[in-house]
Amino acid sequence: MSQDLNSIIDQLAEIDSASAKIMQKTQDEKTRYAEYIQQQKIDFDKKLEEQVDIEIARFEKELAKESDQELADFQAACQQDISKLDSFYQKKSNLLAEEIFNNIIKE
């Protein structure tokens, strides 16, 4: 009976040792999986940041192009207005000067 008891104790010790190994292996796998997930997060964040940077650069380029076009359009419109005013002045400068002179004399 003593030998049976020792055999049972030995088997329990082996089971305990095996379960400790299984628990350690499970913990190691859990740690590796957590590291893998963390690396996946880092890779995803990096890729997302690169995509966002590319989109921002594209939008900035588009906005700069639109801004340059609007500025060119505005400059062209201003130049047309200046040309009209200059033409008006060239045609009417004598008349305008005479009206101003007459208004000054009347006062």
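Glu-62 is partly exposed, with a relative accessible area of 35%. In this predicted model, the side chain of Glu-62 meets that of Arg-58 in a salt bridge, with 2.8 Å from N to O. The two residues sit 4 residues apart in helix 1, so about one helical turn separates Arg-58 from Glu-62.

Arg-58 has a second partner. Its side chain also meets that of Glu-55 in a salt bridge, again listed at 2.8 Å, N to O. Glu-55 and Arg-58 are 3 residues apart, about one turn of the helix, and both belong to helix 1, which covers residues 2-106. The structure holds 2 salt bridges, and Glu-55, Arg-58 and Glu-62 are linked by such contacts into a network. As background, side chains of opposite charge can pair when their charged atoms come close.

How accessible are the partners of Glu-62 in this network? Arg-58 counts as partly exposed, at 39% relative accessibility. Glu-55, at 34%, counts as partly exposed too.

Here is a small overview of residues in helix 1 and their relative accessibility.

| Residue | Relative accessibility | Class |
|---|---|---|
| Glu-55 | 34% | partly exposed |
| Arg-58 | 39% | partly exposed |
| Glu-62 | 35% | partly exposed |
| Asp-45 | 48% | partly exposed |
| Phe-44 | 53% | exposed |
| Ala-76 | 43% | partly exposed |
| Asp-86 | 43% | partly exposed |

Let us turn to the surface patches. Which residues form a negative surface patch? Asp-45, Glu-49, Glu-50 and Asp-53 do. Of these, Asp-45 lies in helix 1. With a relative accessible area of 48%, Asp-45 stays below the 50% cut-off for exposed residues, so it is classed as partly exposed.

There is also a nonpolar patch on the surface, made of Phe-44, Leu-48, Val-52 and Ile-56. Together these four residues have about 350 Å² of accessible area. Phe-44 is placed in helix 1. At 53% relative accessibility, Phe-44 passes the 50% cut-off and therefore counts as exposed.

Now for the chain as a whole. How many helices and strands does the chain have? The secondary structure comes to 1 helix and 0 strands. The radius of gyration is 44 Å, well over the 13 Å that the globule rule gives for 107 residues, so the chain is more spread out than a compact globule. Along the principal axes, the C-alpha atoms fill a box of roughly 140 × 30 × 10 Å.

Two residue pairs give a feel for distances along this chain. Ala-76, found in helix 1, is 45 residues from Thr-31 in sequence, and their C-alpha atoms are 67 Å apart in space. Asp-86, also placed in helix 1, is 76 residues from Asp-10 in sequence, with 112 Å between the C-alpha atoms. At 43% relative accessibility, Ala-76 counts as partly exposed. Asp-86 is likewise partly exposed, with a relative accessible area of 43%.

What share of the residues counts as buried? Of the 107 residues in the chain, 1% do. The accessible surface of the chain comes to about 10400 Å², and 58% of that area belongs to carbon and sulfur atoms.

The charges complete the picture. The chain carries 14 positive and 24 negative side chains, and the centres of these two sets lie 5 Å apart. Among the negative side chains are those of the patch formed by Asp-45, Glu-49, Glu-50 and Asp-53, while Glu-55 and Glu-62 belong to the salt-bridge network with Arg-58.

Definitions and conventions:
Residues are numbered from 1 along each chain as its sequence is written. This is a predicted model: local features need pLDDT of at least 70, side-chain atom pairs count only at pLDDT 80 or more; totals for chains, interfaces and linings use all residues. Side-chain values use heavy atoms; hydrogens and water are left out. Buried means under 20% relative accessible area, exposed over 50%, partly exposed in between (1.4 Å probe, protein chains only). Patches are made of residues with over 30% relative accessible area and no salt bridge: like charges are joined within 9 Å, nonpolar side chains (Val, Leu, Ile, Met, Phe, Trp, Tyr) within 5 Å. Accessible areas come from the Shrake-Rupley method with a 1.4 Å probe; for residues, only the protein chains shown count as cover. Lys and Arg count as positive and Asp and Glu as negative; His and the chain ends are not counted. The place of a charge is taken as NZ of Lys, CZ of Arg, CG of Asp or CD of Glu. The radius of gyration is taken over C-alpha atoms; the globule rule is 2.2 Å times the number of residues to the power 0.38.
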